[in-house]
Amino acid sequence: VNIEALLFGDILAASWPNVAITALIAGLILFALACFWRSLLDLSINEELAATEGIPVHRLKLLLFLLLVGLIAIAVQVVGVLLVSALLLIPAATARKLSRTPLQMIIIAPVIGVIAVILGLWAAYQLNAAAGPSIVVVATSLWLLSLSGKAAG
């Protein structure tokens, strides 16, 4: 096992079958979110209140866990642990600063992730740098921009 490849991955070496599997899992996640949006929102706001409203809390938590594990398992093989962690956390934190509702956040976060990947790959190409760290730097820069914009506004 190549520990360095596991940690840092190589997004530029991703094969089309890996991309297709990742897209399929992302589609399943979007479908599940669409089907269970209200229940998942209630669960995230207050687990006990959701249970009293008859929402199957344990099943939904298991579903959410399995969807997240599926995505991470595939994505780690393609881009590495560090980039997956950064792309799970930083766009969500940035979207939290830019949105007023959970629905806005769930729309803005992936857009920020895509922007970070595109700009990060462009910067890596221009600077002849590694793609993964460049993406993380761009995502972090977007987060810092969202902090400064919120403080000014």
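A crossing of two helices is called right-handed if the near helix is turned clockwise from the far one by less than a right angle, and left-handed if the turn is anticlockwise. Keep that in mind as you work through these exercises on a predicted model.

**Exercise 1. Describe the make-up of the protein chain.**

Solution. Start by counting elements: the protein chain has seven helices and zero strands. Reading from the N terminus, the order is therefore simply α-α-α-α-α-α-α. Next, look at the extent of the chain: its C-alpha atoms fill a box of roughly 55 × 45 × 25 Å along the principal axes. Then turn to burial: of the 153 residues, 26% are buried. The accessible surface comes to about 10100 Å², and carbon and sulfur atoms account for 72% of it. Finally, take the contacts between residues at least 6 apart in sequence: 59% of these join residues at least 24 apart.

**Exercise 2. Work out how helix α2 crosses helix α6, and which residues meet there.**

Solution. First find the two helices: α2 covers residues 16-45 and α6 covers residues 102-127. Their axes come within 12 Å and cross at roughly 135°. That angle makes α2 oblique to α6. Now use the opening definition: the crossing of α2 and α6 is right-handed. On the α2 side, the residues in contact are L33, W37 and L41, and they meet P102, L103 and I106 of α6. Sorted by class, the contact has six nonpolar residues, no polar ones and no charged ones.

**Exercise 3. Do the same for helix α2 and helix α4.**

Solution. Helix α4 spans residues 57-79, and its axis comes within 10 Å of that of α2, with a crossing angle of roughly 155°. Angles over 145 degrees count as roughly antiparallel, so α2 and α4 are roughly antiparallel to each other. The crossing is left-handed. Among the α2 residues that make this contact are I21, I25, I29 and F36, while the α4 residues include L60, L64, L67 and L71. By class, the contact of α2 with α4 divides into 15 nonpolar, five polar and one charged.

**Exercise 4. Find out how helix α5 passes helix α6.**

Solution. The axes of α5 and α6 come within 8 Å and cross at roughly 125°. That makes α5 oblique to α6. The crossing is right-handed. In α5, the residues in contact are L87, P91, A92, T94, A95, R96 and L98; their partners in α6 are M105, I108, A109, I112, G113 and V117. The contact holds 10 nonpolar, two polar and one charged residues.

**Exercise 5. Decide whether T94 and D42 are buried or exposed, and name their contacts.**

Solution. Begin with T94, which lies in helix α5, residues 81-98. A residue is buried if its relative accessible area is under 20%. T94 has 2%, so T94 is buried. Setting aside residues up to four places away in sequence, T94 touches I112, A139, L142, W143 and S146. One of these, I112, also appears in the contact of α5 with α6.

Now take D42, found in helix α2. Its relative accessibility is 16%, so D42 counts as buried. Apart from its neighbours within four places in sequence, D42 is in contact with A50, E53 and I55.

Notes: Residues numbered from 1 in each chain as written. Predicted model: local features only at pLDDT ≥ 70, side-chain atom pairs only at ≥ 80, totals over all residues. Heavy atoms only, no water. Axes fitted to C-alpha atoms, helices over the stretch in contact; angles between N-to-C directions. Helix = DSSP H or I, 4+ residues; strand = E, 2+ residues; numbered from the N terminus. Parallel < 35°, antiparallel > 145°, perpendicular 65-115°, else oblique. Contact = heavy atoms within 4.5 Å. Nonpolar A, V, L, I, M, F, W, Y, C, P; charged D, E, K, R; others polar. Buried < 20%, exposed > 50% of the residue type's maximum accessible area, 1.4 Å probe, protein only. Areas by Shrake-Rupley, 256 points an atom, 1.4 Å probe, with all protein chains shown as cover.
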